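Hi,

Here is the structure I promised to send over. Have a look at it first, and then read on for what turned up.

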Amino acid sequence: MPFAVVLVLVLVPLLAASGRRSNVDQQARRLAVVERKLDLIMAHLGIREPEPEAPGAVLQELLAGRKIQAIKIYREATGVGLREAKDAVELLARQRGLG
């Protein structure tokens, strides 16, 4: 009898968690479909997503030669990922002739 109780106490939370996980997966798939459609609409209309504006602190860090700190500040200010922040800061540096 105790084994059956333990089995139920273990299986019920596992089944509930798997149901929530599948709901999150389903929402992620739906969001990906919506994003893909929006990208197609924007491409069709010739609309480009604007680049986030770099805060002045990013430029100050670049001028001081602290590229990693500039990337960190850019990420905090814009919420973009590491790769996007690195690319944006490097583009800003090239535009300003900073390397």
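Helices here are DSSP runs of H or I with at least four residues, strands are runs of E with at least two, and both are numbered from the N terminus. On that basis the elements run α-α-α-α from the N terminus on, which gives 4 helices and 0 strands. Please keep in mind that this is a predicted model.

**The overall numbers**

The protein has 99 residues, and 13% of them count as buried. Its accessible surface comes to about 8100 Å², with 61% of that belonging to carbon and sulfur atoms. As for contacts, take the ones between residues at least 6 apart in sequence: 30% of these join residues at least 24 apart.

**The core**

Which residues make up the largest nonpolar core? There are 11 in all: Val58, Leu62, Ala70, Ile71, Ile73, Tyr74, Ala85, Ala88, Val89, Leu92 and Ala93. The elements that give two or more residues to this core are helix 2 (56-63), helix 3 (67-78) and helix 4 (82-95). Helix 4 gives the most, with 5 residues.

**Helix 4, a bit more slowly**

Helix 4 has 14 residues and reaches 20 Å from its first C-alpha to its last, close to the 20 Å expected at 1.5 Å a residue. Its buried residues are Ala85, Ala88, Val89, Glu90, Leu92 and Ala93, and they pack against helix 2 and helix 3. Just after helix 4 comes Gly97, which takes a positive phi of about 70°.

Leu82 also belongs to helix 4. Is Leu82 buried or exposed? Leu82 has a relative accessible area of 52%, so it counts as exposed, since the cut-off for exposed is over 50%. Setting aside neighbours within four places in sequence, Leu82 is in contact with Ile71 and Arg75. Leu82 and Ile71 are 11 residues apart in sequence, with their C-alpha atoms 7.7 Å apart in space.

**Salt bridges**

How many salt bridges does the structure hold? The count is 4. Here are the ones I looked at in detail:

- Lys86 and Glu90: the closest N and O atoms are 2.7 Å apart. These two residues sit 4 apart in helix 4, so about one helical turn separates Lys86 from Glu90. Lys86 is partly exposed at 30% relative accessibility, whereas Glu90 is buried at 18%. Salt bridges that share partners join Lys67, Lys86 and Glu90 into one network.
- Asp87 and Arg83: their side chains meet in a salt bridge at 3.7 Å, N to O. Here too the partners are 4 residues apart in helix 4, and therefore about one helical turn separates Asp87 from Arg83. Asp87 is partly exposed, with a relative accessible area of 35%, while Arg83 counts as exposed at 53%.
- Arg66 and Glu61: the side chains meet in a salt bridge at 2.5 Å, N to O. Arg66 is partly exposed at 44% relative accessibility, but Glu61 is buried, with a relative accessible area of 14%.

Why does a spacing of four suit a pairing along a helix? An α-helix has 3.6 residues a turn, so residues three or four places apart point the same way.

Glu90 deserves a second look, as it turns up twice: Glu90 is among the buried residues of helix 4, and Glu90 forms a salt bridge with Lys86.

**A nonpolar patch on the surface**

Which residues form a nonpolar patch on the surface? They are Leu38, Ile41, Leu45 and Ile47, with about 390 Å² of accessible area together. Leu45 lies in helix 1, which covers residues 2-45. With a relative accessible area of 56%, Leu45 is exposed.

**If you only have a minute**

Start with the 11-residue nonpolar core and the part helix 4 plays in it, with 5 residues. Then go to the network of Lys67, Lys86 and Glu90, and finish at the surface patch of Leu38, Ile41, Leu45 and Ile47.

Cheers

Notes
Residues are numbered from 1 along each chain as its sequence is written. This is a predicted model: local features need pLDDT of at least 70, side-chain atom pairs count only at pLDDT 80 or more; totals for chains, interfaces and linings use all residues. Side-chain values use heavy atoms; hydrogens and water are left out. Patches are made of residues with over 30% relative accessible area and no salt bridge: like charges are joined within 9 Å, nonpolar side chains (Val, Leu, Ile, Met, Phe, Trp, Tyr) within 5 Å. Accessible areas come from the Shrake-Rupley method with a 1.4 Å probe; for residues, only the protein chains shown count as cover. Buried means under 20% relative accessible area, exposed over 50%, partly exposed in between (1.4 Å probe, protein chains only). A nonpolar core is a set of buried Ala, Val, Leu, Ile, Met, Phe, Trp, Tyr and Cys residues joined through side-chain atoms within 4.5 Å. The expected span of a helix is 1.5 Å times one less than its number of residues. Contact means heavy atoms within 4.5 Å.
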